[in-house]
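Work through the exercises below with the sequence and the 3D structure open. Try each task before reading its solution.

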Amino acid sequence: MKVSKALTIAGSDSGGGAGIQADLKTFQEFGVYGMSVLTAVTAQNTTGVQGVFPVLLEGIEAQLQSIGSDLNPHAVKTGMLYSGEYIERTAYYMRKFGWNNVVVDPVMIAKGGATLLGKEATDAMKTYMLPIAKIITPNIPEAEALTGIKIDCEEARAEAAKVLFDGGADYVVIKGGHYDGSGEYVSDLLYNGVEMAELVEKRIDTKNTHGTGCTFSAAITAELAYGKTAESAIEHAKKFIQNAIAHRIDVGSGHGPVNHFVYRRIALEQY
Ligand SMILES: Nc1ncnc2c1ncn2[C@@H]1O[C@H](COP(=O)(O)OP(=O)(O)OP(=O)(O)O)[C@@H](O)[C@H]1O
Ligand SMILES: Cc1ncc(COP(=O)(O)O)c(N)n1
């Protein structure tokens with residue numbers, strides 16, 4: 001049986017809510033064969049990040065070479081890339097193997113405030129990752145860091161989306177989870193170089209939002225692996241993350257994860 005294959009290049013979250021674990025769980029939920037290149041190990045749980053331990057650069061290159069020489073993913077996503085040097089080498093291998101269905105989630109800071117990407121790496125993200133990104137999915141603080149634009153209104157968000165498009169991404173999604181936390185709705189802005197569109201859903205009042213960004217971008221990647229268009233992949237991923245936040249599971253005492261197996265659970269509940 002032929003299957004669609006997706007690769008995540010990201011950090012490990014020992015707590016299982018974000019990073020590689022969120023990505024692989026999401027790939028599985030979408031029926032896509034998941035593969036991983038680990039960039040860093042984090043000691044992490046629902047209360048925060050207790051430690052960050054990068055994988056040797058040599059180890060990252062070896063993993064990329066192993067995947068590229070044999071497994072040929074249909075789509076690839078990046079998450080926590082740790083440093084400018086790691087970004088540059090990762091981009092090199094992505095180009096070398098001709099991976100062009102690429103979703104870049106420019107992970108910089110964990111929800112609890114821990115730094116997951118060195119400040120010096122912002123330039124590397126712009127130089128090496130933006131030009132190979134089919135879709136880039138920053139949250140508001142990440143879009144601000146990448147563009148230098150303070151996003152405090154819709155015009156500023158649209159301006160930032162244009163700057164990221166001009167930097168080389170084919171599609172820009174600036175996520176609204178961090179935007180106006182008191183609003184009734186949460187909106188993500190999608191820009192394809194021609195028009196701006198808003199993806200709007202009801203804001204769910206919950207503290208279980210750990211890993212929302214990872215899960216959302218992994219769902220987009222899974223859909224791209226199936227051969228879906230970018231627009232349709234983003235739309236479906238938005239519905240998935242909404243369901244995964246809404247059908248909450250309770251794990252840990254802090255900011256819990258989203259429900260990665262929500263579709264399976266809904267299917268089981270229907271019996
Ligand atoms: N409370 C919420 N209710 C509904 N949707 C939400 C909520 N919080 C986030 N989202 C959605 O989840 C997705 C991820 O957005 P968010 O802005 O939280 O990304 P992020 O900060 O990169 O996530 P993380 O860093 O936690 O992985 C977006 O589609 C966003 O609209
Ligand atoms: C390994 C890893 N990658 C990404 C995130 C971002 O997720 P969040 O902002 O929800 O903490 C994380 N916490 N850990």
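## The shell around ligand 2

The structure is a predicted model.

**Exercise 1.** Find how the residues of the shell around ligand 2 divide into nonpolar, polar and charged.

*Solution.* Sort the shell by residue type: seven are nonpolar, nine are polar and two are charged. The shell has 18 residues, and the closest are Gly11, Ala18, Gly19, Ala110 and Lys111. Next, ask which elements give two or more residues: these are strand S1 (5-13), strand S2 (33-45) and helix H7 (212-225). S1 gives the most, with four residues.

## The shell around ligand 1

**Exercise 2.** Find how many residues surround ligand 1 and which are the closest.

*Solution.* The count is 23 residues, and the closest are Asn139, Lys175, Gly177, Thr212 and Gly213. The elements that give two or more residues to this shell are S8, H7 and H8. By type, the shell around ligand 1 holds seven nonpolar, ten polar and six charged residues.

## The protein as a whole

**Exercise 3.** Count the helices and strands of the protein, then judge its compactness from the radius of gyration.

*Solution.* There are nine helices and nine strands. The radius of gyration is 17 Å, and the globule rule gives 18 Å for 271 residues; the two values are close, so the protein is as compact as a globular protein of that length. The C-alpha trace spans about 45 × 45 × 40 Å along its principal axes. Of the 271 residues, 48% count as buried. Now take the contacts with a separation of 6 or more: 68% of them are between residues 24 or more positions apart.

## Strand S4 and its neighbours

**Exercise 4.** Which residues of strand S4 (residues 75-78) point one way, and which the other way?

*Solution.* Ala75 and Lys77 point one way, while Val76 and Thr78 point the other way. All four positions are buried. Then look at the pairing of S4. With S1, the sense is parallel and there are four bridges; here Val76 of S4 is the bridge partner of Leu7. With strand S5 (residues 102-104), S4 also runs parallel, joined by three bridges. Thr78 has Val104 in S5 as its bridge partner.

## Strand S8 and its neighbours

**Exercise 5.** Find the sense in which S8 pairs with strand S7 (residues 171-174) and with strand S9 (residues 196-202).

*Solution.* Begin with S7: three bridges join S7 to S8, and the two run antiparallel. In this pair, Ile174 stands opposite Leu189 in S8. Go on to S9: S8 and S9 are antiparallel too, with seven bridges. Leu190 has Ala197 in S9 as its bridge partner. The hairpin of S8 and S9 has four residues between the strands, and Gly193 takes a positive phi near 95 degrees there. Last, check burial: of the seven residues of S8 (residues 185-191), six are buried.

## Helix H8

**Exercise 6.** Compare the reach of helix H8 (residues 230-246) with the span expected at 1.5 Å a residue, then list the buried residues of H8.

*Solution.* H8 has 17 residues, and from its first C-alpha to its last it reaches 24 Å, close to the expected 24 Å. Its buried residues are Ala233, Ile234, Ala237, Lys238, Phe240, Ile241, Gln242, Ala244 and Ile245. To read such a list, use the helical repeat: an α-helix has 3.6 residues a turn, so residues three or four places apart point the same way. Ala233 and Ala237 are among the buried residues of H8, and so are Ile241 and Ile245.

Conventions: Residues are numbered from 1 along each chain as its sequence is written. Chains are lettered from A and ligands numbered from 1 in the order in which they are written. This is a predicted model: local features need pLDDT of at least 70, side-chain atom pairs count only at pLDDT 80 or more; totals for chains, interfaces and linings use all residues. The expected span of a helix is 1.5 Å times one less than its number of residues. A residue is buried if 20 or more other C-beta atoms lie within 10 Å of its own, exposed if 12 or fewer, and partly exposed in between; C-beta atoms are placed from the backbone. A residue is near a molecule or strand if its C-beta atom, placed from the backbone, lies within 6 Å of it. Ala, Val, Leu, Ile, Met, Phe, Trp, Tyr, Cys and Pro count as nonpolar, Asp, Glu, Lys and Arg as charged, and the others, Gly among them, as polar. The radius of gyration is taken over C-alpha atoms; the globule rule is 2.2 Å times the number of residues to the power 0.38. Two residues are in contact if their C-beta atoms, placed from the backbone, lie within 7 Å. Two strands pair if DSSP finds at least two bridges between them.
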